[in-house]
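Let's go through this one together, with a few questions about how the labels are earned. Grab a coffee and have a look.

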Amino acid sequence: MTSSSPVSCLALVALLSAVLCCPSLSHAQQGATAMTTLVPVPPTNRANSFYVSNRAPLVRNPLIKLPLGSITPEGWLHHMLVLEAEGMTGHLDELSQFLPFEVSAWANPTGDGRSGWEELPYWLKGYGDLGYVLKDETLIRNARRWIEAVLASARDDGWFGPRGLLTSLKGKPDLWPHMVMLNALQSYYEATGDKRVLTLMADYFRWELNQPEEDFLAGFWGPVRAGDNMESVQWLYNRTGEEWLLHLVDKIQRRCAKWTDGIASWHGVNLSQAFRQPAHYYVQTGNPMFLQLVERNCDEVWGQYGQVPGGGFGADENCRPGYTGPRQGYETCSTVEFMHSAQLLTAITGDPLWADRCEEMCFNTFPPSQTPDLRSLHYLVAPNQVQLDHENKAPLIQNQGNMFAYDPYAFRCCQHNVAMGWPYYAEHLWMATQDNGLAAILYAACQVEAQVGDGTKVRITQETDYPFGETVTFTIHTPQQVSFPLYLRIPRWCSAAGVSVNGQAVQVTAKPLSYLCLQRTWQEGDRVELRLPMQIQVRTWQANNRSVSVDRGPLTYSLKIGERWQRFGGTDKWPAMEVYPTTPWNYGLVLDAQNPAQSFEVHKSSGPVPGQPFTVDAAPIQLTVKARRLPQWQMERTMVGQLQDSPAKSTEPLETVTLIPMGCARLRISAFPTIGDGPDAVTWKEPAKPEFTATASHCWGGDSVAAVCDGVLPRRSSDQGLPRLTWWDHRATTEWVQLDFLKARKIGSVEVYWFDDTGAGQCRVPQSWTALYRVGDRWEPVKPLSEAGVKLDQFNSLRFTPVETTAIRLEVKLQDKFSGGILEMRVGD
C-alpha cells in the first residue's frame, strides 16, 4: 500500500447537521438485536441535556468531553498511569529545579521566585489530571496545594500568577505560560465544580480584552500557540454565556500568528500544538474554510517531513530542508501535544480519523519516549534509532548535546510536559454525544459512568486487550431500562468490523472511518461485542527511498533489537541511562512482490497482556519475516545511517528476523529497505565520512551549531525560516565557533553570513571578528589579506595567507548590549 499524507479531507461540516440518529425503539420492539446505522460523525441536530457543549453562536461540537473522573482506566492503561505516578512525573518536584514550592513564582508571585514560566503549568496540568484519573488522594492533595496558590494570586485587575511575566517581554506581558495554567484550572473545575475558577478566568480574560492591541500577545511563543488561549475562552463562554468573551476570541484571532496564511513556525512543538488553531476559530465562525486550513497545514507539514511511520514528522527541534528521513527525531513534547490536538479535533469535527491519529502516535511513538518504568525520558524519538547514547549528534540532529539517552534531570520542557500524555489519553476514551448517547472513541479496558437518554446514569465496562487484541466487549449496567445511542468507532485500517448484541450478530457493513451506532433500549447486563480484525499491511514511503513499514491494526512494527542498558549519570535512585544494541540492525526485508503481507507470520503471546506491554521482552504480538543484512548500511556519528534506494542488492545469507510493535522498541528500525535481485535492484554505497564537525562557545537552546555548515543558503540576514546558530542570551561578549576537520587541509579564506533580526529580536551583526587556526594544541591567528566584514544580507569573506590545519576557529566580538549569530559559513582553499 503506497503511503500518503496523513490528512484526508475534513469536508464534514454539512454532515454535522444532516446526519440523524436512528429513532428510538422500545426494548420489546427490538427483541434481541439492536437497530444500527453507520454514520460518519455523530449528529448535532440536538443538544446534550447533561454535559456542557458549545452554546450558540458557537458551532455545536458532535462529541463532548466527559467530566474528569467519569472514566476509570483498567488493564495495561491503568498500570501505565500507576507507573507514571510512581515514576518521574509523580516525583518530579524532587527532581526538577523549577518545582520546589518555595522557589516558584507561581506559588509566590510577588517574591523573587526563580521559576515562573511554563514548567510548573506543564507539569501541573498532567499531574493533577493523573490524580483525578487514578482517584489518588495523595496526588490530588499535592496538586490542590498549587491550585490554591494560583487562585490566591489573582489581582484586582484580573492578572494572576507570576508578577514578573507582566513585563518580561520588553515591558510587555508574556501570556504563553498562562495558556498552560488555564488548562490545569479547567481540569480542576471539571473535577470539583469550584466556581472560583470561573471567576478567576473571567477576570483574567477581561484583563486580556482590555489590553492595548499592540501589547497583546507579544513575543514568540504566545502568538504562535494562541489557539490554546482561544480554546480556554470558548470553554468559559460555554459555562457562563457572557457575550464579551466572543469579542476576546476575535481579538486573539487578529493578534495570533497567521496559521490561516500558512505554516507560522517550523518548530516541532509549535507545529504539533498549533496547526489546529484555525479549527478553534471555525467554532466561532462556522466557516468551513477554517477546517480546510487545518487540513492544508497538515498536508504541508506531514507531506514534507512526515513521510515516515509512527505518526510524527522530522523536527529534531525545527523541520529542516533535507532532513526528512526516518532517523530524524520527534520531540517528546511534540508527541503529547499532537495527541492532545487530535483529541480536541475529534470533539470539534467528530471525524474518527483524528482518533486514529491519536492512537497511532500513542501506541507507536509515545511509549519509547520514556524508560519502561517511566522514571526517565529522552528528548527525541525517531522511527529509525539504533543507539541511545548521550553523545552529540549534530549536525545530523539539529540540537547539540544529549538528545537520545534517558535522563530524569534533563530536557526541561519535555521533563514537565510529558505528564499529560497518559492521563489525557485516558480521559478521552469515551465522549458524550449531542443526542444523549455515548461514543467509544479510544479503545482500552476501562469503566465509564455517564448520564444518557432520559438522564439515567449508566456504567459501561469495556474489556479488551486492544491494541494487541481484536475484540472489545462492552457490558451495560443500568438501574432501569434506558434508551440511548451507543457509537463505536471503526478505525481506518479495519475493513471487516463486526458487532453482536447479547450474542446475536448485527447485520451491518461497518465501513472504515465511521461510527457504528447501536440504538436500543438497554437493560442491565446487555453485552456488545465489537470485532476489529487486524490484517497486515505494508506501506511504501516513496518520498523516503521507497522504504517500507509494516502495520497490523493500529500498531506499526519494528525490528527486534537486543538492548544493553548502561548508566552514564543521574543518581542511584534516578539514574540516567544509555541503551546500546546487542544484535544486528541493518536488515532489508525480503517480501513477496505480489502480496507483501503474505511474507509475515503472526505470533501471539499466551496469557494476559502484561501491565507494561511496551518493552522489547513483553511484546504481546510478534511478526517474523525473511531478511538479508545490508553491510553498507552503517552507523553515522552513532546514529543509524541514511536510507538508500529500495530494492537493494544483498548477497548476505537469508535469515528470519522478528518484528515487535514500535511502541515496545526503544532501539528501532521501522522504516525498512527491501531486498531485490531484479533489474531495478540497486547496490548501496558506503556512507561518506563527514569532512568536519562544528562546535561553539555557546548556542541558544532552540538553535543549532550544525546550522553554520548545513549547506542551506539564506536569502537575507533576517531570514528566520532557516536553522541558525545564535549566542543568545550572551550579549557584548566574545564568542567562538569552530570547525574540526577529519584530516588536515589547506585553508585560505572563510565566509560568514551573519544573522541579524533587527526589529524582531536582539541579535545583530558583530562588532568585529577574526580567524585562528590550530597548530598542535594551540591556536594561532591567521594573517589577513582582507577585512573581516560585518555587512548584512551577504557572505562576508575574510581572505588570509593559506594555512594547513585540522581546525579553524572564528572569534567574534558581539556588539554592546546585543547578541549575534550565524546562518551559514564556508571555508575555501
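**Sheets, bridges and burial**

Seven strands make up an open sheet, running in the order E3-E9-E10-E11-E16-E13-E14, with antiparallel pairing. Keep in mind that this is a predicted model.

Q: Why are strand E3 and strand E14 said to stand at the edges?
A: Strand E3 (71-73) and strand E14 (504-505) each have a single partner strand, so one side of each has no neighbour in the sheet.

Q: What makes E3 and strand E9 count as a pair?
A: Two strands pair if there are at least two bridges between them. E3 and strand E9 (residues 446-452) have three bridges, in the antiparallel sense, so they pass. Within this pairing, proline 73 has cysteine 446 of E9 as its bridge partner.

Q: How do you know that lysine 65 and glutamate 190 meet in a salt bridge?
A: The cut-off is a Lys or Arg side-chain nitrogen within 4 Å of a carboxyl oxygen of Asp or Glu. For lysine 65 and glutamate 190 the N to O distance is 3.0 Å, so the pair qualifies. The structure holds 32 salt bridges.

Q: Which parts does the pair of lysine 65 and glutamate 190 tie together?
A: Lysine 65 is in strand E2 (residues 63-65) and glutamate 190 is in helix H7 (residues 176-192), so the pair joins parts that are 125 residues apart in sequence.

Q: Why is glutamate 190 called partly exposed?
A: Partly exposed is what lies between buried, under 20%, and exposed, over 50%. Glutamate 190 has a relative accessible area of 21%, so partly exposed is the right label. Lysine 65, with 27%, is partly exposed too.

Q: What else does helix H7 pack with, and at what angle?
A: H7 and helix H10 (residues 226-240) pack at about 35°, and their axes are 9 Å apart. Their crossing is left-handed. Glutamate 190 turns up here again: the H7 residues making the contact include Trp176, Tyr189 and Glu190, and those of H10 include Ala226, Trp235 and Arg239.

Q: What makes glutamate 213 and arginine 254 a salt bridge?
A: Their closest N and O atoms are 2.9 Å apart, within the 4 Å limit, so the name fits. Glutamate 213 sits in the loop between helix H8 (196-210) and helix H9 (221-224), while arginine 254 belongs to helix H11 (residues 244-255), 41 residues apart.

Q: Why is glutamine 387 called buried?
A: Its relative accessible area is 12%, and buried means under 20%, so glutamine 387 makes the cut. You'll find glutamine 387 in the loop between strand E6 (384-385) and helix H17 (412-417). Among the residues glutamine 387 touches are Phe404, Tyr580 and Leu667.

Q: How do you know that glutamine 387 makes a polar contact with aspartate 389?
A: A polar contact needs N or O atoms within 3.5 Å. The side chains of glutamine 387 and aspartate 389 come in at 2.7 Å, so the distance fits.

Q: Is arginine 778 buried, partly exposed or exposed?
A: Arginine 778 has a relative accessible area of 45%, which is not over 50% and not under 20%, so partly exposed is the verdict. Arginine 778 lies in strand E33 (residues 778-781), and its side chain makes a polar contact with that of glutamate 780 at 2.7 Å.

Conventions: Residues numbered from 1 in each chain as written. Predicted model: local features only at pLDDT ≥ 70, side-chain atom pairs only at ≥ 80, totals over all residues. Heavy atoms only, no water. Helix = DSSP H or I, 4+ residues; strand = E, 2+ residues; numbered from the N terminus. Buried < 20%, exposed > 50% of the residue type's maximum accessible area, 1.4 Å probe, protein only. Polar contact = N/O pair within 3.5 Å; in protein donor to acceptor, adjacent residues only side chain to side chain. Axes fitted to C-alpha atoms, helices over the stretch in contact; angles between N-to-C directions. Left-handed = near helix turned anticlockwise from the far one by under 90°. Contact = heavy atoms within 4.5 Å. Lists of a residue's contacts leave out its neighbours within four places in sequence.
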